[in-house]
Amino acid sequence: MAAKKAAGKAGGAKKGGGAAGFSAEEKAAMKEYLREKRGGSKGDGEADVLAKIAGMAEGDRQMAERVHAVVRAAAPGLVPRTWYGMPAYSRDGNVVCFFQNAGKFKARYSTLGFSDKAKLDEGAMWATSFAIVEWNAEVEGRVRELVRRAAGE
């Protein structure tokens, strides 16, 4: 009987996460994604991205502003848009890269992520996400190179 109870607990939903086990932050991101799919603001992707960045906490906002500037300069062919409520950059409607601020899911660091549309292939294995804990010249150069490669520019 005790083994049955333990098995039930191990396979159950996260406490407070509901039947599907999603956190409040994950649910909010999914709702944002649905709004985006339905047309969102039906406007300027750049304005939507800048509005998301403006709503971030100061440290995240400063990093997101730098990432945005680097992406726009290194890959001008990528189109700004939001994706799950995060600043993202796409080509032909497909997200190539995105910035996930630390506050989005209460993480300890922000992330620069790349989708399967990014041209970062390197042999049999390569990274698709990079933690950013501080912004400096070295990080900026690496982000610039990754975004340029990912966009195929």
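**Exercise 1. List the buried residues of helix 4, then compare the helix's span with the expected one.**

Solution. Start by picking out the residues: Asp60, Met63, Ala64, Val67, His68, Val70, Val71 and Ala74 are the buried ones in helix 4. Keep in mind that you're looking at a predicted model. Next, the span. Helix 4 runs over residues 58–74, which is 17 residues. From first C-alpha to last it reaches 24 Å, close to the 24 Å expected at 1.5 Å a residue.

**Exercise 2. Work out how the buried residues of helix 2 are arranged around its axis, and what covers them.**

Solution. First get the helix itself: helix 2 takes in residues 24–37, 14 in number, and its end-to-end C-alpha reach of 20 Å is close to the 20 Å expected. Its buried residues are Ala29, Glu32 and Glu36. Now look down the axis: these buried residues fall within an arc of 60 degrees, so they line one face of helix 2. The spacing rule helps here: an α-helix has 3.6 residues a turn, so residues three or four places apart point the same way. Turn to the face pointing away from the buried side, and you'll find the exposed residues Ala24, Lys31 and Lys37. Finally, the cover over the buried residues of helix 2 includes helix 3 (45–54) and strand 1 (79–83).

**Exercise 3. Find how many aromatic pairs there are, and classify Trp83–Phe98 and Phe114–Phe130 by ring geometry.**

Solution. The count comes to three aromatic pairs. Take Trp83 and Phe98: their ring centres are 4.9 Å apart and their planes sit at 55 degrees, so this pair is tilted. The pair ties together distant parts of the chain, with Trp83 in strand 1 and Phe98 in strand 3 (residues 94–100), 15 residues apart. How exposed are the two partners? Apply the 20% cut-off for burial: Trp83, at 21% relative accessibility, counts as partly exposed, while Phe98, at 13%, counts as buried.

On to Phe114 and Phe130: with centres 6.1 Å apart and planes at 85 degrees, the pair is edge-to-face. Again distant parts of the chain are linked, Phe114 lying in strand 4 (residues 110–114) and Phe130 in strand 5 (residues 129–132), 16 residues apart. Both Phe114 and Phe130 are buried. One last item: Trp83, Tyr84 and Phe98 make up one aromatic cluster.

**Exercise 4. Describe the largest nonpolar core and say which element gives the largest share of it.**

Solution. Begin with the tally: the core has 26 residues, and Val71, Leu78, Phe114 and Val147 have the most contacts inside it. Then sort by element: helix 3, helix 4, strand 3, strand 4, strand 5 and helix 5 (137–151) give two or more residues each. Helix 4 supplies the largest share, six residues. To see the packing around Val147, skip its neighbours within four places in sequence; what remains in contact is Val71, Ala74, Ala75, Leu78 and Phe114.

**Exercise 5. Decide whether Glu140 is buried or exposed, and name its contacts.**

Solution. Locate Glu140 first: it's in helix 5. Its relative accessible area is 17%, so Glu140 is buried. Set aside neighbours within four places in sequence, and Glu140 touches Arg66, Val70 and Trp135.

**Exercise 6. Check how confident the prediction is, overall and over residues 1–17.**

Solution. Overall, the protein averages a pLDDT of 87, and 84% of the residues score at least 70. Over residues 1–17, though, the pLDDT is below 50. Beyond near neighbours in sequence, that stretch has eight contacts in the model.

Definitions and conventions
Residues are numbered from 1 along each chain as its sequence is written. This is a predicted model: local features need pLDDT of at least 70, side-chain atom pairs count only at pLDDT 80 or more; totals for chains, interfaces and linings use all residues. Side-chain values use heavy atoms; hydrogens and water are left out. Helices (H or I, at least four residues) and strands (E, at least two) are DSSP runs, numbered from the N terminus. The expected span of a helix is 1.5 Å times one less than its number of residues. Buried means under 20% relative accessible area, exposed over 50%, partly exposed in between (1.4 Å probe, protein chains only). The arc is that of the directions from the helix axis to the C-beta atoms. Contact means heavy atoms within 4.5 Å. Rings of Phe, Tyr and Trp (its six-membered ring) pair if their centres lie within 6.5 Å; planes under 30 degrees apart count as stacked, over 60 as edge-to-face and the rest as tilted. pLDDT is the predictor's confidence in each residue, from 0 to 100. A nonpolar core is a set of buried Ala, Val, Leu, Ile, Met, Phe, Trp, Tyr and Cys residues joined through side-chain atoms within 4.5 Å.
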